[in-house]
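Me: Please take a close look at one part of this structure, the contact between chain A and chain B. Set it against the rest of the fold, and work through the strand pairing in some detail.

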Protein chains: 2
Amino acid sequence: MNTAVELLREHGVQVTAQRLAIMRVVAEQPHITAGELGDVVRSQLGSISRQAIYDSLGVLVDKKLIRRIQPAGSVGRYESRVGDNHHHLICRVCRMMFDVDCAVGEVPCLTADDTHGFEVNEAEVTYWGRCPTCRADDPPDDVGRRRSAVFPHEQATIHNDSRSMT
Amino acid sequence: MNTAVELLREHGVQVTAQRLAIMRVVAEQPHITAGELGDVVRSQLGSISRQAIYDSLGVLVDKKLIRRIQPAGSVGRYESRVGDNHHHLICRVCRMMFDVDCAVGEVPCLTADDTHGFEVNEAEVTYWGRCPTCRADDPPDDVGRRRSAVFPHEQATIHNDSRSMT
DNA sequence: AGCTGATAATTGACAGAGTCCAGAATCTGT
DNA sequence: ACAGATTCTGGACTCTGTCAATTATCAGCT
């Protein structure tokens, strides 16, 4: 049942309580940040160093067991949906974030007209807009920012919605 | 001739030497960071505060006179190509970055299958791959990272190429 | 089970991007 | 030229992420 252990073994990395906890939490809370992840894992294991968080996330990303994303204006976020080439839909106002399936499925799902000789292996798509709640709250149109600050105090955290994780 | 002045006036913001310099430098060096921008502007005007850089960039972005982008693992970068809905092509190895035209042109150039009730006004596409130089340098395949660090010392800076700015 | 070398976690210091704040300077319309 | 609004300055601060040295833990072997 505990396929996480097998996954780690298969990828030739040691199985540790920290890594298992990180994998579990990332699966439960998609789009979590390293900092938030530390808090959650710490509450479960008692303690974990910040460096262990970053190290573990690093190897898990390396082994493609989790994926790191970083939408403009956000810190790095982690998710366990890998290999399905899904994309992200983000509200400019409240930063709520949804997963959206890729219509194509394969990677890369798009090709540029002129690839400048690149070997392109991923087309990452981020849809920006305004969520239903923020559309209702605010007068229509002008989905821009109100403040001068590039990203006003990181607008709390980017909420994530697991409805899209089914 | 100095259309930058007019642009600022039209958008109802004060015309200052700092803003003009920032607009000029961003136009000359697409994908520049706030820090690099500060250095260049400082060498031209003698001095400018970091806060003035961020304030001005904020206002200019607000007014849509420049655009802020932030590829995963990079700090914020600024470009003067606005309104043409172009996308970006980035080398995972050396971080070289190109502009690529959007095949569709209109905004948003893509629509998600399920928009969760969002009012979507932009589809931002980032193509990730390996540039010609790095393909030649390195053995083929495995375009991944070698280190555990998420982004090894920001791999110098993201180079930009103005060939695509014509 | 107990060793042992390799791997991983901890600790503390550090760097850089971006923000906040209060006071001084500058711009713009009248 | 004046006054009010806007902008700039300088310094302190937060937060994410990294580096390096030390200690602890894992996993294969006898």
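Reply: Two strands count as paired here if DSSP finds at least two bridges between them. Strand 1 of chain B and strand 3 (residues 77-79) of chain B are joined by two bridges and run antiparallel. One of the residue pairs involved is B:Thr33 with B:Arg77, the latter in strand 3 of chain B. The model is predicted.

This pairing belongs to an open, antiparallel sheet of three strands in chain B, ordered 1-3-2. Strand 1 (32-33) and strand 2 of chain B each have a single partner strand and stand at the edges, so one side of each has no neighbour in the sheet.

The pairing between the chains involves another strand. Strand 6 (residues 119-130) of chain A pairs with strand 6 of chain B in the antiparallel sense, over eleven bridges. Within that pairing, A:Val120 is placed opposite B:Gly129 of strand 6 of chain B.

As for the contact as a whole, 47 residues come from chain A and 47 residues from chain B. On the chain B side, at least two residues each are supplied by helix 4 (50-62), strand 2 (67-69), strand 4 (87-91), strand 5 (97-100), strand 6 (119-130) and helix 5 (132-137). Strand 6 of chain B contributes the most to that side, twelve residues. By type, the chain B side holds 22 nonpolar, 13 polar and twelve charged residues.

The symmetry of the pair can be stated exactly. Chain B superposes on chain A with an RMSD of 0.1 Å after a rotation of 180° and a shift of 0.0 Å along the axis. This is the relation of a two-fold axis. The C-alpha of B:Val125 is the one in chain B nearest the axis, at 2.3 Å. Of the interface residues of chain B, 100% are also interface residues in chain A, so the copies meet through the same surface.

Next comes the packing. The largest nonpolar core contains 30 residues, and A:Leu89, A:Tyr127, B:Leu89 and B:Tyr127 have the most contacts inside it. Strand 4 (87-91), strand 5 (97-100) and strand 6 of chain A, along with strand 4, strand 5 and strand 6 of chain B, each give two or more residues to this core. With neighbours within four places in sequence left aside, B:Tyr127 is in contact with A:Pro108, A:Ala112, A:Val120 and A:Ala123 in chain A, and with B:His87, B:His88, B:Leu89 and B:Val100 in chain B. A second core, separate from that one, has 15 residues, among them A:Val25, A:Ile48, A:Leu60 and A:Tyr78.

For the fold around the contact, chain A has five helices and six strands. From the N terminus the order in chain A is α-α-β-α-α-β-β-β-β-β-α. Of the 166 residues in chain A, 31% are buried.

The surface near DNA strand C completes the picture. DNA strand C is surrounded by 29 residues, with A:Gln18, A:Ser49, A:Gln51, A:Ala52 and B:Gly76 the closest. Two or more residues each come from helix 2 (17-28) and helix 4 (50-62) of chain A, and from helix 3 (34-45) and helix 4 of chain B. Helix 4 of chain A has the largest share, five residues. The residues of this surface are eleven nonpolar, 14 polar and four charged. Helix 4 of chain B therefore appears on both lists: it supplies at least two residues to the side that touches chain A, and two or more to the surface near DNA strand C.

Definitions and conventions: Residues are numbered from 1 along each chain as its sequence is written. Chains are lettered from A and ligands numbered from 1 in the order in which they are written. This is a predicted model: local features need pLDDT of at least 70, side-chain atom pairs count only at pLDDT 80 or more; totals for chains, interfaces and linings use all residues. Helices (H or I, at least four residues) and strands (E, at least two) are DSSP runs, numbered from the N terminus. A residue is buried if 20 or more other C-beta atoms lie within 10 Å of its own, exposed if 12 or fewer, and partly exposed in between; C-beta atoms are placed from the backbone. Two residues are in contact if their C-beta atoms, placed from the backbone, lie within 7 Å. Ala, Val, Leu, Ile, Met, Phe, Trp, Tyr, Cys and Pro count as nonpolar, Asp, Glu, Lys and Arg as charged, and the others, Gly among them, as polar. A nonpolar core is a set of buried Ala, Val, Leu, Ile, Met, Phe, Trp, Tyr and Cys residues joined through C-beta atoms within 7 Å. A residue is near a molecule or strand if its C-beta atom, placed from the backbone, lies within 6 Å of it. Copies are superposed by least squares on the C-alpha atoms of residues with pLDDT of at least 70 in both.
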